[in-house]
Amino acid sequence: MSVLKRIRSLLSTPQSRAPRPVARIDALPPRPGRWTPASQHPSSVLFITLDSCRYDTFESVAPPHIGSVGPLHRAQAPCYFTFGSHCAMFAGFTPGVAGLAQPFLNPKFGKIFRLAGGPAKSDGTDAFRVDGENIIHGFGRAGYLTAGTGAAGWFDDSRESVQHLVRHFMHYRYAGNCWSLGLQLDWLAGIVGGATDPVFAFINVGETHVPYWHEGAAWERDRNPCRPFADDNDADECRRRQHACLQWVDGRLAPVLAAFSRSTVVVCGDHGDAWGEDGVWEHGVSHPKVLEVPLVFRVHAP
């Protein structure tokens with residue numbers, strides 16, 4: 001049976017076997033790798049979360065490379081902080097638009113990632129159906145190479161609580177801070193760049209998270225303009241910084257997006273930030289501006 005036929009069979013049929021041991025070899029140096037346009041397998045998946053990115057930031061910046069993935073949608077995040085949102089998204093509940101009875105845009109109507117054993121769909125179509133503790137585990141069971149890299153503190157795998165999120169990645173790398181996207185992309189290229197088999201690749205981007213700083217930025221990283229309960233916050237500075245960070249991130253993501261140009265790509269905010277609306281700053285509280293996120297995607301499912 002061909003690799004593609006095996007993947008199709010595994011993706012469409014729930015598996016009952018015991019979980020496969022996780023091969024955590026992220027401590028080993030990756031092979032030299034690079035991003036080549038249209039090089040990744042068409043059945044591959046690239047999932048990117050822009051941590052804390054507001055919808056209005058994305059709409060205003062209109063990042064050309066991320067925007068080329070698909071139309072921009074004003075969606076609602078499944079939770080108001082990083083850990084909660086990613087737990088939900090890794091169970092198939094990506095940000096959605098509740099008023100649309102349209103697959104992928106409304107996860108209740110049809111999911112991009114359907115986890116077997118979860119709530120049955122009411123109607124519509126699912127792109128991928130996998131069986132496991134979460135979609136990472138499910139894609140691994142289906143024969144995919146799974147690799148992920150996180151930037152926000154909730155992805156620090158030295159913490160026991162974080163293992164729930166990341167332990168099923170075959171390869172995983174925590175960046176150590178929210179301003180190391182270049183290192184994350186270099187590491188990921190060494191793991192999956194040019195792989196001939198399908199991959200599930202995940203990137204949590206930290207530059208759009210407070211303090212809104214990127215490598216080489218012209219402002220001080222130690223000055224955070226968005227702190228809960230502080231009296232010296234600056235909404236205009238928050239906006240200026242997050243806009244600049246998203247522009248910078250868009251340029252750095254261009255090669256990996258080009259490499260996955262024949263594959264499924266999902267890019268979204270995991271949540272937004274409040275910049276003084278109703279007296280609220282940052283995230284971690286259920287506020288409309290915290291729950292409002294950008295969503296762009298392209299589905300090319302087997």
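Is C268 buried or exposed, and what is its relative accessible area? In this predicted model, C268 is buried, with a relative accessible area of 1%. The residue falls within β8, the strand spanning residues 264–269, and that strand is a good place to begin a tour of the fold.

Strand β8 belongs to an open sheet of seven strands, arranged in the order β2-β11-β8-β1-β7-β5-β6 with mixed pairing. The sheet is bounded by β2 (73–76) and β6 (171–174), edge strands that each pair on one side only. Between neighbouring strands of this sheet, the average turn is 15°, with direction ignored.

Within the sheet, β1 (residues 45–50) and β7 (residues 199–205) run parallel and are joined by six bridges. Along this pairing, V45 stands opposite F200 in β7.

Two helices can be placed against these strands. Helix α4, covering residues 82–89, lies across β1, β7 and β8, and runs at about 160° to β1. Helix α7, covering residues 181–192, lies across β5 (145–150), β6 and β7, with an angle of about 170° to β5. Strand β7 is thus crossed by α4 and also by α7.

Returning to the cysteines, C178 is buried as well, with a relative accessible area of 10%. Both values count as buried because the cut-off is under 20% relative accessible area. As for cross-links, a disulfide is a covalent bond between the sulfur atoms of two cysteines; the structure holds zero of them.

Methods. Residues are numbered from 1 along each chain as its sequence is written. This is a predicted model: local features need pLDDT of at least 70, side-chain atom pairs count only at pLDDT 80 or more; totals for chains, interfaces and linings use all residues. Side-chain values use heavy atoms; hydrogens and water are left out. Two strands pair if DSSP finds at least two bridges between them. Helices (H or I, at least four residues) and strands (E, at least two) are DSSP runs, numbered from the N terminus. Axes are lines fitted to C-alpha atoms, for helices over the stretch in contact, and angles run from 0 to 180 degrees between N-to-C directions. Contact means heavy atoms within 4.5 Å. A disulfide is a pair of cysteine sulfur atoms within 2.5 Å. Buried means under 20% relative accessible area, exposed over 50%, partly exposed in between (1.4 Å probe, protein chains only).
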